[in-house]
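Thanks for sharing this one. Here are my notes, in numbered points, for you to read alongside the model.

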Amino acid sequence: MANTPYPQSYYAASANAVPPRPALQGEVETDVCVIGAGYTGLSSALFLLENGFRVTVLEAAKVGFGASGRNGGQIVNSYSRDIDVIERSVGPQQAQLLGQMAFEGGRIIRERVAKYQIQCDLKDGGVFAALNSKHMGHLESQKRLWERYGHTQLELLDERRIREVVACENYVGGLLDMSGGHIHPLNLALGEAAAVESLGGTIYEQSAAVRIERGATPVVHTAQGKVKAKFIIVAGNAYLGNLVPELAAKSMPCGTQVITTAPLGDELAKTLLPQDFCVEDCNYLLDYYRLTSDKRLIFGGGVVYGARDPANIEAIIRPKMLKAFPQLKDVKIDYAWTGNFLLTLSRLPQVGRIGDNIYYSQGCSGHGVTYTHLAGKVLAEALRGQAERFDAFADLPHYPFPGGQLLRTPFAAMGAWYYGLRDKLGF
Ligand SMILES: Cc1cc2nc3c(=O)[nH]c(=O)nc-3n(C[C@H](O)[C@H](O)[C@H](O)COP(=O)(O)OP(=O)(O)OC[C@H]3O[C@@H](n4cnc5c(N)ncnc54)[C@H](O)[C@@H]3O)c2cc1C
């Protein structure tokens, strides 16, 4: 059987040691079969185990193989579309519920790290950086909006103040969120997987779900085994393929790329990001970066619609890094990789249930580190019969991408080109 390794990322190279996990052989019976061991699957598994369910997780490759083990590591609050957009498209009660949940994912991560002693270099503090006055106006209104939902750890940064937290000349100001922050994303996933196992859950790696036999007691088939369950949670996100055809039409896998420098040394690292906050700018096609615990710069940006792997990632991302930090022109790039996230047309998560017993959450469209942790809790609540918060997500409307499966990529790329032009022109 094919053995799919991690991509050659900085995260894989610096992952905490974990024992190998077997592939599923033969038949097992469980309460909940979770498909996918990224944050959505692991968070669901943990909340379910904590509530007395028996859980079996099937992972096609390895724990954290997908976006959860490759991302920028930024703990960003709220959703990929902010609450004001939600307020305009749903009723006040649903908007209120979704707004209240927008800051819970970050708290869940911190609770998990503390409760299960997860070694993942957790640091507090994330900055949204404004490149022009329009961005700054947006951050001011975002602060007011988030404060309305009780989220108060925010500080607006003027041009002088932002220079104190990031040595980039391009910014006119920013917003500091002290409940944001950053982590080693793969080590977070590995720590959560160990927590799942410590509570009696089972994780099979190299065990792709290839078919779901639907019915009162659904069965998930892998190449060499099957799992009979009361419930299924589908958490394969951008790597799911066509396992559940009804989900594919309303979402689109997209790639985004990340590079990691050689270690910069304490002194240079401290001049770039003196308080060790993570940063993302306010462009639609945004750049995001942070330091690692061994003082490298991890820098990400760019989107490839349709998730083709670009040939030379360093050639795409390094110029963006040098635009922010020309002082790094002689620094070597040690790692470059790509990963896929799942985009929906509204950029809000696609959540729901098929029949009585197949649940799913996917498509958080870029910012997913916090949302996926919340999703696990909300899915577990729904399986326990408390579906109010689940329904608030499940009732969000979703539409197919224009052009269908064949033409959605060029259509979305055209949209992105338009927004990229707006970013460049600053309007
Ligand atoms: C490069 C990159 C940078 C990012 N940076 C950030 C960031 O800094 N901050 C932020 O908030 N968000 C970021 N994101 C988004 C965030 O990482 C994702 O939203 C989140 O990790 C998605 O988690 P998930 O569990 O839903 O999916 P994934 O982590 O992709 O996990 C899905 C898992 O399911 C498995 N799977 C798929 N199909 C099957 C099957 N048939 N059978 C068994 N297993 C299957 C896959 O192998 C995979 O391990 C980034 C994404 C990428 C790609």
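1. A word on classes before we start: Ala, Val, Leu, Ile, Met, Phe, Trp, Tyr, Cys and Pro count as nonpolar, Asp, Glu, Lys and Arg as charged, and the others, Gly among them, as polar. With that split, the shell around the ligand holds 21 nonpolar, 21 polar and two charged residues.

2. Please keep in mind that this is a predicted model, where local features need pLDDT of at least 70, side-chain atom pairs count only at pLDDT 80 or more, and totals for chains, interfaces and linings use all residues. Numbering runs from 1 along each chain as its sequence is written.

3. Back to the ligand: 44 residues surround it (C-beta atom, placed from the backbone, within 6 Å). The closest are Gly 36, Gly 38, Gly 66, Gly 72 and Gly 368. Two or more shell residues come from each of α2 (39–50), β11 (252–261), β15 (333–343) and α12 (369–383). Helices here are DSSP runs of H or I with at least four residues, strands are E runs of at least two, and both are numbered from the N terminus.

4. An automatic or database domain assignment gives domain 1 (1–122 + 183–250 + 347–396) and domain 2 (124–180 + 252–343). Each domain contributes at least three residues to the shell around the ligand. The C-alpha centres of the two domains lie 25 Å apart.

5. How many residues of domain 1 are in contact with domain 2? There are 32, and they meet 29 residues of domain 2, contact being C-beta atoms, placed from the backbone, within 7 Å. On the domain 1 side, α1 (10–13), β3 (74–75), α3 (83–89) and α4 (92–101) each supply at least two residues. That side divides into eleven nonpolar, 16 polar and five charged residues.

6. Helix α5 (residues 104–115) packs against α12 at about 80 degrees, with axes 7 Å apart. Axes are lines fitted to C-alpha atoms over the stretch in contact, with angles from 0 to 180 degrees between N-to-C directions. The two helices are therefore roughly perpendicular (65 to 115 degrees). Glu 104 and Ile 108 are among the α5 residues in this contact, and Tyr 371 and Lys 377 among those of α12.

7. Overall, the protein chain has 14 helices and 17 strands.

Note on methods: Two residues are in contact if their C-beta atoms, placed from the backbone, lie within 7 Å. Angles under 35 degrees count as roughly parallel, over 145 as roughly antiparallel, 65 to 115 as roughly perpendicular and the rest as oblique.
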